[in-house]
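Trainee: I would like a close look at one part of this model, the nonpolar core, and then at the residues and loops around the strands. Please take them in one connected account.

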Amino acid sequence: MIDVGDVLVIGGLRVDSSAAGAGSEINVSVSAITGAGEPPITFFGGNSAKVADVEDPFTFKYTGGRAILTCTPNAELIGVDLEPDEGFLIELKISEKDRQAFTTDGDETLLANYGDDAQVSMVFVVNFVDVPNGVTVKLFKISDNEGGDDPFLDIALVGGMEFYEQTADGIEDLEFSFEVSGTSASVGLEDFVLLFQVYTKDELDSVGLGETIDVEVTYEAGDLSDGEVPEFVNTGEVFDGFSVNDCTTRLEYTWVVSNVAGYDTGIAIANTTEDDAAFGAANNNGAQAQDGNCVLTGYPSAGGAPISSTSPEIAVGETWAFNVSTLAGFDGFAGYVLGVCNFLNAHSFAFITDWFGAATAPMLAQGYEANVIPAGHRSGPEGESLGK
């Protein structure tokens, strides 16, 4: 019953802000039916309501972005429980931004009570997108609040043990799901950390190279019981996860001449994968020792078919130095040369002189470092990216 002069207040209007769009306006109208012979009821007030911004209740911190390699060390990681500071591990930390993001009735008593036996149970999904064939992602460890031995978060994998380790069969997504519930009676901001190990033992021709694998993190409300509990808009995050590269160094020599008008080019290629003396044998940032060969392919400046020559084996810590004129098929060559070495950390220097076949000292000399072209994929519209 509403009498003349009464005030009618309508509150608690709720809308799916994710669908409606934060900051947008929705139409609001109020009407009433009066009895026969009664005057109509007029309502005064606004005819729209603004959808509130809803903040993400969680923060995500991802540490990764490295390249995994198709070298021997990755095979050695298989089936081994690594310490957190060994091997290729990536970390995802999920933290409360709102103290009620992880909460149960009776928990965090300084905050609002959401009803008898109410419990927030969140399911987080960590999805590694388009993982190349043969690459394995393994859940290494789950810890909470800096890895304490007495966890206050109940964290369980959804789907059972088969989700602890997955290997891509073709180009596919690898998905890990976690349900988080049963939090402590704490007013602090709670968090937990997921550690994943990533590796491959497959050969180069079966592993997609160069592209960055995205890591998508999403979440949704789980079993909310019968109480009135907070629900959160799922915004999630997307991170650059990791890339897959082969154990190959690609070298570019911009100008090479071999017995042309008295000019010749000397080249030295160093296999620097023996670096324990410099960095220490136990240093994880050191190179993995690899012997290997280099294939040099020359592209004549006047056109014509490319020519190739394969080096002798270059052992770790050794340097192959030679004159290009001594390579089979390269006599009289002028143009650019691409070198492909089947080991990492190859570095090279080229030196051009005009002393070929002469007893006198050279009249002209020029040297340069070979460009190191990162492995992965051919240059796109944005151009090449060269590194030393």
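Mentor: A residue is called buried under 20% relative accessible area, exposed over 50%, and partly exposed in between. The model is a predicted one. Glycine 170 has 23% relative accessibility, so this residue counts as partly exposed. Glycine 170 sits in the loop that joins strand 9 (165-167) to strand 10. Valine 135 is 35 residues from glycine 170 in sequence, while the C-alpha to C-alpha distance between the two is 9.4 Å.

Now the core itself. The largest nonpolar core holds 34 residues. Phe124, Phe128, Phe196 and Phe242 are the ones with the most contacts inside this core. At least two residues of the core come from each of strand 3 (58-63), strand 5 (89-96), strand 6 (122-131), strand 7 (135-144), strand 10 (172-181), strand 11 (191-200), strand 12 and strand 13 (237-245). Strand 6 gives the most, with 5 residues. As a general point, nonpolar side chains in soluble globular proteins tend to be buried together.

Strand 5 also carries lysine 93. With 22% relative accessibility, lysine 93 counts as partly exposed, because the buried class requires a value under 20%. In sequence, lysine 93 and valine 193 are 100 residues apart, yet their C-alpha atoms are 4.4 Å apart in space.

Strand 12 (residues 213-221) contains glutamate 216. The relative accessibility of glutamate 216 is 31%, and therefore this residue is classed as partly exposed. Together with Asp130, Asp173 and Glu175, Glu216 forms a negative surface patch. Membership of a patch calls for over 30% relative accessible area, and the 31% of glutamate 216 meets that cut-off.

Two loop residues remain, and both have positive phi without being glycine. Alanine 261 has a phi near 55°, a positive value in a residue other than glycine. Alanine 261 belongs to the loop between strand 14 (249-257) and strand 15 (264-271). At 72% relative accessibility, alanine 261 is exposed, because the exposed class begins over 50%. Asparagine 345 has a phi near 60°, again positive in a residue other than glycine. The loop between strand 19 (334-341) and strand 20 (346-353) holds asparagine 345. Its relative accessibility of 32% means that asparagine 345 counts as partly exposed.

How values were computed. Residues are numbered from 1 along each chain as its sequence is written. This is a predicted model: local features need pLDDT of at least 70, side-chain atom pairs count only at pLDDT 80 or more; totals for chains, interfaces and linings use all residues. Side-chain values use heavy atoms; hydrogens and water are left out. Patches are made of residues with over 30% relative accessible area and no salt bridge: like charges are joined within 9 Å, nonpolar side chains (Val, Leu, Ile, Met, Phe, Trp, Tyr) within 5 Å. Accessible areas come from the Shrake-Rupley method with a 1.4 Å probe; for residues, only the protein chains shown count as cover. A salt bridge is a side-chain nitrogen of Lys or Arg within 4 Å of a carboxyl oxygen of Asp or Glu. Lys and Arg count as positive and Asp and Glu as negative; His and the chain ends are not counted. The place of a charge is taken as NZ of Lys, CZ of Arg, CG of Asp or CD of Glu. Helices (H or I, at least four residues) and strands (E, at least two) are DSSP runs, numbered from the N terminus. Buried means under 20% relative accessible area, exposed over 50%, partly exposed in between (1.4 Å probe, protein chains only). A nonpolar core is a set of buried Ala, Val, Leu, Ile, Met, Phe, Trp, Tyr and Cys residues joined through side-chain atoms within 4.5 Å.
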